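Student: I've never read one of these models before. Could you walk me through it?

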Amino acid sequence: MKAASSHTDPANVPQEDDKPFEVRLSDEAFETYELDPPPYTLNVTKAELKKMYYDMVAVRYASPAHSQGRNARI
């Protein structure tokens, strides 16, 4: 499976964490069946991206710990 990528011109990324900028997602980011895909451009701030990353890492670390705890009780 090939990962879809995104692109933003570094010159368009603001220095401030709360100023929005545009990120273009790859056309391969979504596979839909008889549905229209969501927009391929995303207006987001650095603060929002940092929060998304933090949440993703937290879920990633919590998932194996949860599985180990659940398996220990069986």
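Student: Which residues does threonine 45 touch, not counting residues up to four places away in sequence?

Tutor: Contact means heavy atoms within 4.5 Å. Here, threonine 45 touches Asp17, Asp18, Lys19, Pro20 and Phe21. By the way, this is a predicted model, where local features need pLDDT of at least 70 and side-chain atom pairs count only at pLDDT 80 or more, while totals for chains, interfaces and linings use all residues. Residues are numbered from 1 along each chain as its sequence is written, and side-chain values use heavy atoms, leaving out hydrogens and water.

Student: Is threonine 45 buried or exposed?

Tutor: Buried means under 20% relative accessible area, exposed over 50%, and partly exposed in between (1.4 Å probe, protein chains only). Threonine 45 has 10%, so it's buried.

Student: And where does threonine 45 lie?

Tutor: Helices (H or I, at least four residues) and strands (E, at least two) are DSSP runs, numbered from the N terminus. Threonine 45 sits in the loop between β3 and α1 (46-73).

Student: How are the strands ordered in the sheet?

Tutor: Two strands pair if DSSP finds at least two bridges between them. This open sheet of 3 strands runs β1-β2-β3, with antiparallel pairing. β1 (6-7) and β3 (41-44) are at the edges with a single partner strand each, so one side of each has no neighbour in the sheet. 2 bridges join β1 to β2 (residues 21-25), and histidine 7 stands opposite arginine 24 in β2.

Student: What about glutamate 34 in the loop between β2 and β3?

Tutor: Glutamate 34 has a positive phi of about 55°, although it isn't a glycine. With 70% relative accessibility, glutamate 34 counts as exposed.
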